[in-house]
Amino acid sequence: MAANPSPGKLSTVLVTGGTDGLGRATAILLAERGYHVFAAGRNAERLEALSQLAHDRKLPLEALELDVCDAASGERGIAEIERRAGPVDILVSNAGIAIAAVMEEVTPADLRRVLETNFFSPIRLAHRVLPEMRRRRHGRIINMSSISGKVAIPVMGPYAASKHALEAASDSMRLELYPFGIHVVLIEPGYIQTSMNRTAAELSSAYAKGAERSPYKGIYQAFLGEWERTRKASRYQPEDCARVVLRAIEDEPPRARYVVTRRAKIGIFARRLLSDQALDNRFKKAFRLDELRELLAREEKN
Ligand SMILES: NC(=O)c1ccc[n+]([C@@H]2O[C@H](COP(=O)([O-])OP(=O)(O)OC[C@H]3O[C@@H](n4cnc5c(N)ncnc54)[C@H](OP(=O)(O)O)[C@@H]3O)[C@@H](O)[C@H]2O)c1
């Protein structure tokens with residue numbers, strides 16, 4: 001295990017969504033490095049399991065009940081951290097969900113739920129910790145984005161919208177907070193196997209059930225095929241992402257964004273390099289959109 005962060009160095013960390021997946025791996029790695037980590041989530045069993053792990057391994061890691069979508073819960077959680085450890089030095093806004101639905105079919109409630117979790121919550125938590133960070137002229141905000149913060153594919157519109165919003169807000173904040181010595185960093189992972197896949201399937205089950213009767217049936221099918229290929233091809237573990245978050249915390253100064261996974265690097269590079277038309281053509285091929293178009297035209301004739 002590495003030594004504790006040196007005195008005066010940023011040391012109290014809140015990791016939202018710290019009880020599972022990328023957030024949990026990050027919370028554990030940071031605690032192993034000697035940061036005082038508060039790993040937050042809602043699920044009592046996962047919180048208990050993490051507390052037990054911290055106890056068994058004597059890690060400076062505390063599980064904290066905090067629902068990022070509930071402003072009062074966020075306030076209580078941060079007040080509790082301040083009481084136990086002082087102000088938050090590093091906020092890792094990682095809690096996130098995905099709902100897979102085409103934009104015409106997604107309900108306003110589901111769209112709001114994704115935006116609330118992935119976008120409004122990180123901003124609300126930043127509002128809570130920033131005054132103290134500004135006063136002390138130090139602090140770091142790490143926002144967990146995604147390749148979907150740069151590239152929007154069919155059926156991932158709600159999720160991509162939330163991550164694009166997070167990217168834009170983080171870009172503004174990075175510049176606004178520069179004079180105060182506070183760094184704002186984006187992490188952009190590609191696919192990494194976590195519980196998110198299962199949670200997304202649960203949250204999207206109504207759309208999956210309705211897909212058979214949906215005019216977008218072919219697009220849902222193509223999406224599932226693409227998703228399965230991506231899932232099978234990924235060899236990355238949550239710990240790979242955790243190491244990148246650690247770098248984002250310890251690089252002096254940090255980069256504006258860190259991409260995780262080879263596919264995300266290729267995808268984001270392609271987005272930068274290719275015209276909209278060229279990128280659309282790639283996705284039209286991957287999602288067999290021309291075939292679907294021909295099929296619809298044939299159906300119309302009959
Ligand atoms: N895995 C990937 O391939 C991937 C790729 C790109 C980006 N990301 C991003 O990485 C982040 C973490 O994803 P993951 O794959 O680690 O997901 P995960 O395994 O499903 O973990 C999600 C975590 O967020 C927490 N959470 C969800 N909603 C919450 C809420 N309202 N309040 C508090 N905590 C909440 C969950 O805990 P509770 O349910 O106990 O609250 C859990 O700890 C997300 O922002 C995701 O968009 C993931």
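Colleague: Which helices each supply at least two residues of the shell around the ligand?

Modeller: In this predicted model, helix 1 (21-32) and helix 5 (157-177) each do so.

Colleague: What makes a residue part of that shell, and which residues come nearest?

Modeller: A residue is counted if one of its heavy atoms lies within 4 Å of the ligand. There are 28 residues around the ligand, of which Arg42, Asn94, Tyr159, Ile192 and Thr194 come nearest. By class, the shell has eleven nonpolar, twelve polar and five charged residues.

Colleague: Why is the pair formed by Ile192 and the ligand called a polar contact?

Modeller: A polar backbone atom of Ile192 is 2.7 Å from an oxygen atom of the ligand. The cut-off for a pair of N or O atoms is 3.5 Å, so this pair is a polar contact. A backbone N or O atom of Asn43 lies 2.9 Å from a ligand oxygen atom, and a side-chain N or O atom of Arg46 is 2.9 Å from a ligand oxygen atom; these pairs therefore qualify by that cut-off too.

Colleague: How much of the ligand's accessible area does the protein cover?

Modeller: The protein covers 95% of the 880 Å² that the ligand has on its own.

Colleague: Why is the crossing of helix 3 and helix 4 called right-handed?

Modeller: The crossing is right-handed because the near helix is turned clockwise from the far one by less than a right angle. Helix 3 (residues 71-85) and helix 4 (residues 108-136) pack at about 35°, with axes 11 Å apart.

Technical notes
Residues numbered from 1 in each chain as written. Predicted model: local features only at pLDDT ≥ 70, side-chain atom pairs only at ≥ 80, totals over all residues. Heavy atoms only, no water. Axes fitted to C-alpha atoms, helices over the stretch in contact; angles between N-to-C directions. Helix = DSSP H or I, 4+ residues; strand = E, 2+ residues; numbered from the N terminus. Polar contact = N/O pair within 3.5 Å; in protein donor to acceptor, adjacent residues only side chain to side chain. Areas by Shrake-Rupley, 256 points an atom, 1.4 Å probe, with all protein chains shown as cover. Nonpolar A, V, L, I, M, F, W, Y, C, P; charged D, E, K, R; others polar.
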